[in-house]
Amino acid sequence: MSKILITGGAGYIGSLAARKFLEDGYEVRVLDNFLYGSRDNLEQIRDDIEIFEGDIRNIEDTKKAVEGVDKVLHLAAISSIPLCSKDPDLAIDTNIKGTKNVLEACLDKNIEKILYANGAAGIYGKIVETPVTEKHPAKPVSSYGVTKYGGELFMSAYYETHGLPTITFRQSNVYGPSPGMKINSVIQIFVNKCLKNEKIEIFGSGNQIRNFIFIEDLIDAYKKALESNVKGEVFNVGGFENISINDLAELIVKVTGSNTEISHKEMNREEIENLGFKLSFEKAEKMFGFKPKHSLEEGIRKLVEYMKNG
Ligand SMILES: NC(=O)c1ccc[n+]([C@@H]2O[C@H](COP(=O)([O-])OP(=O)(O)OC[C@H]3O[C@@H](n4cnc5c(N)ncnc54)[C@H](O)[C@@H]3O)[C@@H](O)[C@H]2O)c1
């Protein structure tokens with residue numbers, strides 16, 4: 001039986017990943033400092049997994065957590081963009097130094113694979129060519145983007161220097177039900193508004209194109225990549241449909257059957273409307289058979305059911 005460490009396993013993606021890997025026959029250990037994630041998110045599986053309360057900024061905690069595992073899914077991070085901007089030192093310590101600690105702890109431990117979750121939205125900066133492949137220049141413009149990219153560069157450095165079998169995902173916006181789900185991302189916010197028949201407010205023109213991946217499809221992709229022979233690579237991973245925020249709002253109104261009104265609100269003067277870009281997922285498809293199963297509409301239907309019934 002394979003044993004996996006999920007850092008940040010009490011958070012949004014991690015708490016569902018812990019459950020899915022367990023269902024697939026993995027032994028699961030979670031490392032989390034419970035800054036954002038909570039023990040409640042692991043309540044249903046807590047007797048079947050190991051939970052380590054610890055901090056990736058602390059090398060001893062990290063070494064203990066890595067002991068005896070075969071694979072590592074590294075999700076622990078300061079994932080809030082505003083918090084990274086407000087406290088860049090915390091972002092540096094967690095997203096860069098914490099990631100370096102995870103890699104350092106993996107040295108000489110026969111770890112089969114280490115997968116790091118970076119975001120696609122914050123990394124490419126000004127787009128010079130679409131669809132955006134992994135070869136597109138990276139120029140993050142936020143503290144979140146810079147520090148997550150720093151972690152990614154450490155992944156590559158430990159592969160090149162020490163031969164650690166690392167992989168990085170540059171994943172698009174994640175949505176869908178999970179024990180750790182919060183109403184803090186656009187799809188969850190719009191569904192919540194529709195279910196309460198409250199007005200949806202779109203900032204800017206609504207023509208911004210975005211890409212979303214259903215959380216279960218992302219976790220399937222983690223599993224496929226962790227079980228593949230691929231290493232030392234970076235992959236864009238997302239859903240196959242790109243959609244404008246206007247069309248997304250209309251789709252959610254349709255799926256929920258709501259009478260909600262859609263309105264537009266001006267952006268702050270200093271905010272630049274990022275119109276978004278198309279990502280290429282060809283490399284992930286070719287190298288480890290990445291194939292999301294849910295269309296945006298199917299994923300939103302599952303989310304709506306969950307938010308209606310819990
Ligand atoms: N959710 C998305 O749309 C999205 C998109 C792209 C990339 N990502 C990346 O995926 C990963 C998981 O995202 P999420 O949405 O589940 O975030 P989340 O904030 O819900 O989960 C992160 C977890 O890490 C834990 N953590 C924070 N600092 C820690 C530390 N020093 N030591 C140990 N644990 C610590 C938090 O308590 C939390 O449980 C993050 O690395 C994030 O940057 C997320």
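This report describes two sheets, one helix, one buried strand residue and the surroundings of the ligand in a predicted model.

Residues are numbered from 1 along each chain, following the sequence as it is written. Because the model is predicted, local features need pLDDT of at least 70 and side-chain atom pairs count only at pLDDT 80 or more, whereas totals for chains, interfaces and linings use all residues. Helices (H or I, at least four residues) and strands (E, at least two) are DSSP runs numbered from the N terminus, and two strands pair if DSSP finds at least two bridges between them.

## The two sheets

Strands of a sheet pair through backbone hydrogen bonds, in either a parallel or an antiparallel arrangement. One open sheet holds seven strands in the order 3-2-1-4-5-6-10, with parallel pairing. Its edges are strand 3 (50-53) and strand 10 (233-237), each of which pairs on one side only, and the twist averages 20° from one strand to the next. Such angles run from 0 to 180 degrees between N-to-C directions, with axes fitted as lines to C-alpha atoms, for helices over the stretch in contact.

The other open sheet has three strands in the order 7-9-11, and its pairing is mixed. Strand 7 and strand 11 (242-244) stand at the edges with a single partner strand each, so one side of each has no neighbour in the sheet. Neighbouring strands here are turned by 50° against each other on average, direction ignored. Helix 8 packs on this sheet, touching strand 9 and strand 11, and its direction makes about 90° with that of strand 11; contact between two residues means that their C-beta atoms, placed from the backbone, lie within 7 Å.

One parallel pairing from each sheet is set out below.

| Strand pair | Bridges | Residues standing opposite |
|---|---|---|
| Strand 1 (residues 3-7) and strand 2 | five bridges | Ile6 and Val30 |
| Strand 7 and strand 9 | three bridges | Asn173 and Phe212 |

In the seven-stranded sheet, helix 4 lies across strand 1, strand 4 (71-74) and strand 5, and runs at about 180° to strand 4.

## Ile167 in strand 6

Ile167 belongs to strand 6 (residues 166-171). Ile167 is buried, with 22 other C-beta atoms within 10 Å, where buried stands for 20 or more such atoms, exposed for 12 or fewer, and partly exposed for the range in between, with C-beta atoms placed from the backbone. Leaving aside residues up to four places away in sequence, Ile167 touches Lys113, Leu115, Ala225, Val230, Lys231 and Glu233. Between Ile167 and Met155, 12 residues apart in sequence, the C-alpha to C-alpha distance is 7.3 Å.

## Helix 6

Helix 6 (residues 186-195) has Ile187, Phe190, Val191, Lys193 and Cys194 as its buried residues. These residues lie on the same side of helix 6 because they cover an arc of only 160° around the axis, the arc being that of the directions from the helix axis to the C-beta atoms. Their cover includes strand 7, strand 8 (200-203), strand 9 (209-214), helix 8 (245-256) and helix 10 (296-309). Just after helix 6, Asn197 takes a positive phi of about 55°.

## Around the ligand

Of the 30 residues around the ligand, Gly8, Gly11, Gly37, Ala77 and Gly119 come nearest; a residue is near a molecule if its C-beta atom, placed from the backbone, lies within 6 Å of it. Helix 1 (12-23), strand 2 (27-32), helix 4 (88-106), strand 5 (113-119) and strand 7 (173-175) each supply at least two residues of this shell, and the largest share, three residues, comes from helix 1. By class, the shell has 14 nonpolar, 12 polar and four charged residues, where Ala, Val, Leu, Ile, Met, Phe, Trp, Tyr, Cys and Pro count as nonpolar, Asp, Glu, Lys and Arg as charged, and the others, Gly among them, as polar.
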